[in-house]
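Good morning, and thank you for coming. I shall present one structure today, beginning with an overall description and then turning to single residues. Please look at the display before we start.

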Amino acid sequence: MSAVIQSEREALLSVNNIEVIYDHVILVLRGVSLEVMKGGVVALLGANGAGKSTTLKAISNLLGAERGDVTKGSITFQGEDVQSLSPNELVRRGVIQVMEGRHCFEHLTVEENLLTGAYTRTDGRSRVAEDLDLVYQYFPRLKERRTSQAGYTSGGEQQMIAVGRALMARPAVILLDEPSMGLAPQLVEEIFEIVKRLNEDEGVTFLLAEQNTMMALRYSNYGYILENGRVVMDGEASALAENEDVKEFYLGVSGDDRRSFRNVKAYRRRKRWLS
Amino acid sequence: MAFDLFLLEVVISGLMTGVMYSLVALGFVLIFKASGVFNFAQGVLALFAALALYDFLAEDGWFFAVFGFTLPVWLAIPATALIMIFLAWVIERAVLRFLVKQEEIILFMATIGLAFVLEGLGDLLFGSDVKPLDIGIPQGASDLLLDNFNLYVEKLEIVAAATAAVLVTALAIFFQKTRVGRALRAVADDHQAALSVGISLNKIWVIVWSVSGIVALVAGIMWGSKSGVQFSLSLIALKALPVLILGGFTSVPGAIVGGLIIGVGEKLAEVYVGPLVGGAIENWFAYVLALGFLLFRPQGLFGERIIERV
Ligand SMILES: Nc1ncnc2c1ncn2[C@@H]1O[C@H](COP(=O)(O)OP(=O)(O)OP(=O)(O)O)[C@@H](O)[C@H]1O
Ligand SMILES: [Mg+2]
């Protein structure tokens, strides 16, 4: 165990063989390991119910609110064990999650939503105001709508609010859960472009869960494929994108999140045969 | 003319009773919005606050027995506020924290338990006799209104209304303009998302229960000054229920307006309809009105608009 940690000392975030159980009985993750290098964009891929969101919530410790428990394994951030930290402390240290389905505060204005992201900060109003400007530079559309109630903004704008709100915490790593969900392809592209710019220009590290495999692989440098609560494949994003299995499984359906059961079965069969 | 003046007096006295209902309902709404908990103990909180305040002021209280002096009013009120904050902290530590993941009905039952514990504690510590609360609010009718308009209005009622107005304004500013107020509204909207941006729910609960405790203190002071600190104070909590149904459980303005409507409505009904049916309408009017609302407008007058996009 310690040898593993030694060899991974470059990792910003590392998840070591975790098992997650909901409600004390539902075993959902059966030993997931992954690592995220500083400055990387890592994709966490897999079909519905594979355990992507659960993995992210295990890291951000939002599982507790859903009666989920990490029963085995460990999670380290910057070399420190962070499993027992509350979401509040994790956000302070630079780990923040953008939840699936965006979860904006509907009755707050766009700007108030963004400001809630700065809740844990103690570096003063003027620094927060600077970052608000920065977020508006990345998302000019939010600036136009700053006084509208978030509940009345479009799905794309809500995704921007959710990402912008996380940025306001000045995070080291953002755990981004299905940013493409329910968005038109063009908007998905726009969001991913911004993720790329944030990664390159602001140095934000991303771990992103996606069903939109090809799009996610295009914008990331490493990927993990999750199935039934286990990592079944991982590798450089470019290699995964070229991999025949991945292609067969995801090609032609990459823009659409509905996948036929036959495809899934063929993939499973092949997987079993491979391993 | 005289008739109209009488009507006006009835309306004003109804408004003043309504302010009391509003204050108690306000405490309910704050806690309900932030945590989804229906706090049955809100009325008892007002009673407890009034008892504690009385204790600081009176020579037959514990404070006097221990320290040998009583506190002046300007110190006793902040001291009681501190006690309410401490109580909020204890409630979070001892009750809420362990029940958060339970069903709402369990939390509701916990607050019923809390109401009885607090009431029992109040009885044990301070005794159940009626205690006159005098914090120096002038008594009797306002001479100004009586002389100029021939209108009989109690000074106490004017003070109560003004205090309530100041309190509500302060709360509105707190909610709209401060970082913690914003966090409170965020939690009310989506507590998971609030958690995800690092807002600590435990801390927020202590804050809302403290704010509700202070609102309860104001209600307790007003009610206690009017009719003495007595255990029937906790019964106004029951009147807050129809107020909430009328105003909507999540609406601060709803709590205020609902309280005023019920206060005025029941006084008017008592005076004008009462004689026809043999009186005592005041006791049940609010519930009948609430029933009507449940049938025709269950979200209340100001129930939070449910945002639905198409
Ligand atoms: N709170 C919960 N209680 C019980 N089971 C849960 C809970 N949340 C998720 N699960 C189960 O855990 C499994 C993994 O869910 P998870 O949300 O992590 O999948 P996912 O990969 O994010 O899927 P999707 O692409 O649909 O978002 C599913 O079978 C789901 O039913
Ligand atoms: Mg998911």
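How many positive and how many negative side chains does chain B have, and how far apart do the centres of the two sets lie? Chain B carries 17 positive and 23 negative side chains, with 15 Å between the centres of the two sets. Please keep in mind that this is a predicted model.

Let me continue with chain B. Its secondary structure consists of 13 helices and 0 strands. Along the principal axes, the C-alpha trace of chain B extends over about 65 × 60 × 35 Å. Is its radius of gyration in agreement or in disagreement with that of a compact globule? The value for chain B is 20 Å, and this agrees with a compact globule because 310 residues would then give a radius near 19 Å. Of those 310 residues, 49% count as buried. If we take the contacts in chain B between residues at least 6 apart in sequence, 72% of them join residues at least 24 apart. The accessible surface of chain B amounts to about 14,500 Å², and carbon and sulfur atoms account for 70% of that surface.

One residue of chain B deserves a closer look. Leu171(B) belongs to helix 7, which covers residues 155-177. Leu171(B) counts as buried because its relative accessibility is 10%, and the cut-off for buried is under 20%. Beyond its neighbours within four places in sequence, Leu171(B) is in contact with Leu26(B), Leu30(B), Val211(B) and Val215(B). Its C-alpha atom is also 9.6 Å from that of Val252(B), although the two residues are 81 apart along the chain.

I now turn to chain A and the magnesium ion, ligand 2. Which protein atoms are its donors? They are OG of Ser53(A) and OE of Glu100(A), at 1.9 to 2.0 Å from the ion. These two residues come from distant parts of the chain, 47 residues apart: Ser53(A) sits in helix 2, whereas Glu100(A) sits in the loop between strand 6 and helix 4. Ser53(A) counts as buried, with 16% relative accessibility, while Glu100(A), at 32%, counts as partly exposed.

Finally, consider Glu19(A), in strand 1 of chain A. Is this residue buried or exposed? Glu19(A) counts as buried, since its relative accessibility is 17%. Setting aside neighbours within four places in sequence, its contacts include Leu27(A), Leu29(A), Asp69(A) and Lys72(A).

Thank you for your attention.

Conventions. Residues numbered from 1 in each chain as written. Chains lettered and ligands numbered in written order. Predicted model: local features only at pLDDT ≥ 70, side-chain atom pairs only at ≥ 80, totals over all residues. Heavy atoms only, no water. Donors = N, O, S within 2.8 Å, 3.2 Å for Na, K, Ca; no water. Helix = DSSP H or I, 4+ residues; strand = E, 2+ residues; numbered from the N terminus. Buried < 20%, exposed > 50% of the residue type's maximum accessible area, 1.4 Å probe, protein only. Rg over C-alpha atoms; globule rule 2.2 N^0.38 Å. Contact = heavy atoms within 4.5 Å. Areas by Shrake-Rupley, 256 points an atom, 1.4 Å probe, with all protein chains shown as cover. Lys, Arg positive; Asp, Glu negative; His and termini not counted. Charge placed at Lys NZ, Arg CZ, Asp CG, Glu CD.
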